[in-house]
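Dear colleague,

I am handing over a structure that will be new to you, and I would be grateful if you could look through it with the notes below beside you. The sequence and the model come first, and what was found in them follows.

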Amino acid sequence: MLVSKEDFAKYPFLIGAVEYVKNLDLKTDELSQPEFSAVVTRAETRIEEALIDGITKWESRRGYEIELLSYPVAVIFVSNIDDNYLKKRYSLAEAKRIQSLLKEEVDEKLIEIAISVFGWNVKNLPLEVYQPFDFSLSFIDYLRNAPSFHDYRWKLVNKRLINGEVFLQKDEFSRLISEEVRKYIEKTINTSPKVELNPLLLQRIEHIKQRLNLRKERIRIKDQPQNIISAAYPPCIKNLYDFLISGQHISHVGRFTLTSFLLNVGMKVDKLIELYTPISDFNQRLTRYQVEHIAGVRGSGTKYTPPSCETLKTHRLCPGPDDLCTRIKHPLAYYRRKIRMIRK
Amino acid sequence: MRIKRVKAMKNPQEFIVQKFTEYYRDNANIIPLPTSYKNREFGFILFDKGGMLRHKAFVEPRFFRDFIKSITPSDVYHSAAYYKQPSREMGKKGWIGADLIFDIDFDHLRTPCKVEHEYWTCERCDQVGVGKHPSVCSQCGGSKFKMVAWLCETCLETAKSEALKLIDFLINDFGFPPHDIEVCFSGHRGYHIHIEREEIRQLDQDARKEIVDYVLGTGLKVSLHGLMEVRRRTGHKVIGPDLNSPGWGGKIAKGVYDILVTYNIQQLNEINGISKNMASLIYSQRDKIFKTWNNGNSWGSIKGIGIKTWEKLVETSVDNQSVNIDTVVTIDIHRLIRMPLTLHGKTGLKVISIPSKSLERFDPLREAVAFSKGTLKVYVLAAHRFRIGEDIYGPYRREIVKLPMAAAIYLFCKRAALLTD
């Protein structure tokens, strides 16, 4: 069903579209030739749209061929620039474009994309029987993407789950596909082979880089404050902290949360170990090992951050949100915001 | 006389090890290895050492069986995860996937009997007592105590009914075929539920967390399941999920229905946010409410009982309908779980695998008995009433009793008895 040039241009990740481009057997050198200048320009605007608007446009005026070919060129550009922010921003912008297009398609097309490209287990539901739901998707495929959406309506517990299938409306299903597309594009960028580009294309890339730097300048996050301000701790951390200093038992997850939080707001390892001393099962060497592990000084070298609010709720470490909590999703975000509020 | 008798008592540790050794000598060959055992990590707790012997892997069942016979572990585990190289250190194992596991342990359950069957032992002498330990031991002045929990039938029954609730979730909501759901009695305080299916192996921690939240009802928003207030000129009306709806909708409705049927005024009043007056109002209007419940999704239009009240009832309903699982176990994709037919070091009982459809009739205290032969005279320091097999024993307090082997070993493992000469 999805075989027209228009479909390929809209959804360049389709297997047919990828094969079509492959069969043209284009070399990157050919891209600097005049007949491809429209393709290269469109690739550049795709990236600019991503940077500025956060969504790429569906541009069919100049023909489907240009639209289709400009996608792999844009991927080559982004991959060549090799900047994490740009990679994420671009993949997301393409995914958003696709989401808005999918909403307009007939159900069968959505199903075909989900099955043929991603191998999902999904069924179309007869409208009269299951209103207002249009699709049923295996919960396993649902959980590939839904957990990254933070709104309560995406939680599995708030979905109709029957016999392993999650019931979804069309806009929800389009959103899930577009998230899978986002990951797919990000992976394509990260795995695309490095290619030598000629000076003309490098010039274009320089231009994109300038735009990128301008954009990054604007969003640069201010450095975190040096002093630790305990008045800005979120309720969960305050709770754990009180437990700790009063020598009460804290679960493993609780200790991890508190330790990683305090390390992230700038507490030194030695100071933290001092804090743990009143605990009855305190063991200086083991505690040091664990704290240093979380700090990223040992082991894999990963510096850990505390779990998100969601995860803390699951482990019953959230004592119940205050006003500010309802606007954030992570204890560190709470801390940063609260500091700004205190300083005002 | 009494002093002489106490002198003749011995710490039973050596005896326990000897019995465990005999068990593995006779039974190691029938212990089934898990599927894809070559890709799993095995772990063992030993009697004489603290900590766990981890990162073991076996390429053939006989190597595992020989190993277990040679070391006599107190507890045996394997990973729910599959690795490329299970014997390497954690970061280098190469995680391939993991089974989906749940742990129901009455440690996590709020059972009213809990205070009765917890006791303490002094680490310096052998003084024992029920309930919370004193700050200093009256016999030796020691200040370090170990808490021990008895196996309690009420708790085991509660754990079992939680397991049955979970199985209902797994079959009806998650769509797992019953024969793919393996239930294991842990040999001590609870049940593990273990699902091995190709398609769930890849689920990451975020996905597993969503499954945990689903069975716990965490983050459930009742408005997303259809509870709302409809205002009409004739008055207000509350509509909610239908009793027959699948998934959480139906569970919420059934839970609220149960509350209305079984709670008295006092119990209704104990629900957070329900005042005494409101409790009496709900209680007196129950029949009227039931009548409206027969009309599909209508939850009633009784004056004074608004949506806020219904929300409070729903909160309690969700609490009652959810399954109390250990959240960490399911989310951890590197978890070790006990192996069926191995022994539990704290009881001397066997880990038993039960087909999910037979769980209801399963009697852990009979079917998990590993040492069914012989009797033994033991000196019991203190023991609560307990059952092993068909018979009930105790309570005992500083006395010599002749017990069947399983009961004697149980008391030894609980450090509640000594060996007599």
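In this predicted model, helix α4 of chain B, which covers residues 153–173, lies across the strands β6, β10 and β11 of chain B, and it runs at about 20 degrees to β11(B), the strand made of residues 190–195. These three strands belong to an open sheet of four in chain B, in which the order is β6-β11-β10-β16 and the pairing is antiparallel. At the edges of the sheet are β6 (100–105) and β16 (352–355) of chain B, each of which pairs on one side only, and from one strand to the next the twist averages 25 degrees. Within the sheet, β10(B), residues 181–185, is joined to β16(B) over four bridges in the antiparallel sense, and there B:Phe185 stands opposite B:Ile352 of β16(B).

Helix α4(B) also comes up in connection with a second helix, α5 of chain B, since it is among the elements that cover the buried residues of α5(B). The cover also includes α11 (327–331) of chain B and, from chain A, α8 (139–145) and α15 (309–314). Of the 12 residues of α5(B), 10 are buried, and the helix is therefore largely enclosed by the rest of the structure; among the buried ones are B:Arg208, B:Lys209, B:Glu210 and B:Asp213, as well as B:Ile211 and B:Val212. The helix itself, residues 205–216, reaches 16 Å from its first C-alpha to its last, which is close to the 16 Å expected at 1.5 Å a residue, and after it comes B:Gly217, with a positive phi near 75 degrees.

In chain A, you may wish to look at A:Glu49, which is found in helix α3, residues 37–53. This residue has 19 C-beta neighbours inside 10 Å and so counts as partly exposed, given that 20 or more would be needed for a residue to be buried. Apart from neighbours within four places in sequence, A:Glu49 is in contact with A:Ile55, A:Thr56, A:Lys57 and A:Ala93, whereas A:Tyr64, 15 residues away along the chain, has its C-alpha atom 18 Å from that of A:Glu49.

A word on confidence: chain A averages a pLDDT of 88, and 95% of the residues score at least 70. Over residues 221–225 of chain A, however, the pLDDT is below 50, and beyond near neighbours in sequence this stretch has one contact in the model.

With best wishes

Terms used
Residues numbered from 1 in each chain as written. Chains lettered and ligands numbered in written order. Predicted model: local features only at pLDDT ≥ 70, side-chain atom pairs only at ≥ 80, totals over all residues. pLDDT = per-residue confidence, 0-100. Contact = placed C-beta atoms within 7 Å. Pairing = 2+ DSSP bridges. Helix = DSSP H or I, 4+ residues; strand = E, 2+ residues; numbered from the N terminus. Axes fitted to C-alpha atoms, helices over the stretch in contact; angles between N-to-C directions. Expected span 1.5 Å × (residues − 1).
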